[in-house]
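Trainee: I want to learn how labels are earned from numbers. Can we go through some?
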Amino acid sequence: MLELPDAACVHAPTPVAGAAARPQTLKIQFTGSGSEYFRIWIVNLLLTLVTLGLYLPFAKVRRLRYFYANTRVGGQALSFHGRPWPMFRGFVLLLLLGSAYGLAGHFSPVAGVLAYLLLCALWPALWRAGLQFRLGNTRWRGLRLSFQGDLAGAYKAVAPLYIPAMMLMTGSAWQAWNDPMDQTGPGAMVGMVGLLGMVLLSPYFMARIKRYQHEGYGYADQRGQFQVGAGKFYGLVLKGLLLSLLPLAMAIGIAVGLVMLLKPSGAVNPAIGLGIALLAYLLYFMMIGPYFSARMQNLVWSGTRSERLEFHSRLSFRSLLWLTLVNWLLTALTLSLYRPFAAIRTARLRLEAVSLEVHGDIEAWRAQAQEAHNDASGEAAGDFFGFDMGW
């Protein structure tokens with residue numbers, strides 16, 4: 001498989017004299033075009049349908065290469081060099097594990113729990129391998145990024161959610177084995193405690209996941225540091241929950257207003273109530289999704305830095321909300337044909353809200369890192385599993 005030429009090598013600007021002494025702010029620009037990406041998207045969609053989903057890893061590679069090649073940090077593009085066949089192996093492995101888990105529960109509750117435990121045991125290792133693959137195949141200025149998080153750290157990161165999740169699974173299996181109709185038995189109680197624990201620990205779990213990810217990122221001799229505590233995640237979730245009451249309040253207000261208007265004529269048409277409920281449902285997802293996306297991006301990336309690199313994110317919730325509304329409307333009107341255009345516009349808004357402050361001379365780091373990294377360890381680490389799990 002041919003690798004794309006590294007755009008960073010072609011367009012590298014001349015280093016600024018004295019750059020080591022004063023910090024530089026590198027802006028991120030996204031140069032993708034909706035019409036260009038539409039051609040990639042439609043081919044990917046057709047081939048995925050024809051192959052019953054087996055083309056998905058190949059489609060992902062094409063998509064990542066396009067988005068990375070059009071993401072320019074300080075005027076120089078990222079590039080993605082991942083090969084589709086290793087990703088295909090990882091995709092098949094995930095498919096087999098997911099199918100085994102789905103089928104085991106149909107035979108017996110105990111088999112379902114055992115399959116779940118197997119999936120839990122493997123998942124952190126697969127997740128780490130995916131991060132290594134993704135970062136190890138990403139380059140900027142001709143130098144490969146890396147993921148340096150260790151395996152034990154991956155298991156520690158997911159442990160806060162695993163324990164209550166296992167209580168939920170065990171309790172459900174216990175209840176199903178003894179008396180499925182008994183809603184107050186010991187199995188049901190264990191399951192309820194597990195479910196409550198999952199809800200309460202979810203912000204803490206997000207904080208640990210992000211810490212493991214962002215502290216594992218590496219570029220040249222720079223290693224990520226994450227400076228956001230779990231309290232910030234609890235605050236974000238609490239604000240999101242309060243905001244989620246707004247669509248409900250609007251729906252109740254509309255319903256009360258209609259009842260008052262129609263009161264002299266008698267009963268309210270049930271279709272109106274259904275329409276109000278649907279409106280509240282749509283408003284909920286239109287507002288909550290952009291809110292969490294914008295606030296989470298700002299929280300996580302503004303809290304990420306290294307010894308000489310510092311990220312800043314200023315993504316506006318209002319801008320993302322408006323863009324989401326427009327994207328939803330145009331996607332519905334065009335029967336989903338607007339989706340690639342929506343993806344491009346969303347990527348541009350989110351990426352260009354981020355900037356990178358550099359303290360030092362990047363060219364000197366590159367020279368040192370290229371001498372030390374003339375091996376294939378970064379690529380080999382994630383190549384066997386070779387799938388991507390997002391970042």
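Mentor: Start with burial: 41% of the 391 residues in the protein are buried. Residues are numbered from 1 along each chain as its sequence is written, and side-chain values use heavy atoms, with hydrogens and water left out. The model is predicted, so local features need pLDDT of at least 70, side-chain atom pairs count only at pLDDT 80 or more, and totals for chains, interfaces and linings use all residues.

Trainee: Why is W41 called buried?

Mentor: Buried means under 20% relative accessible area, exposed over 50%, partly exposed in between (1.4 Å probe, protein chains only). W41 has 16%, so the label buried fits.

Trainee: What makes F38 partly exposed?

Mentor: Its relative accessible area is 23%. That value falls in between the two cut-offs, so F38 is partly exposed.

Trainee: Why is the aromatic pair of F38 and W41 called tilted?

Mentor: Rings of Phe, Tyr and Trp (its six-membered ring) pair if their centres lie within 6.5 Å; planes under 30 degrees apart count as stacked, over 60 as edge-to-face and the rest as tilted. Here the centres are 5.9 Å apart and the planes 40°, so the pair is tilted.

Trainee: How do you know that W85 and F88 are edge-to-face?

Mentor: Their centres lie 5.4 Å apart, with 75° between the planes. That angle is over 60, so edge-to-face is right.

Trainee: What makes the charged end of R141 sit over the ring of W140?

Mentor: The rule wants NZ of Lys or CZ of Arg within 6 Å of the ring centre and within 35 degrees of the ring normal. For R141 the distance is 5.0 Å, so the distance part is met.
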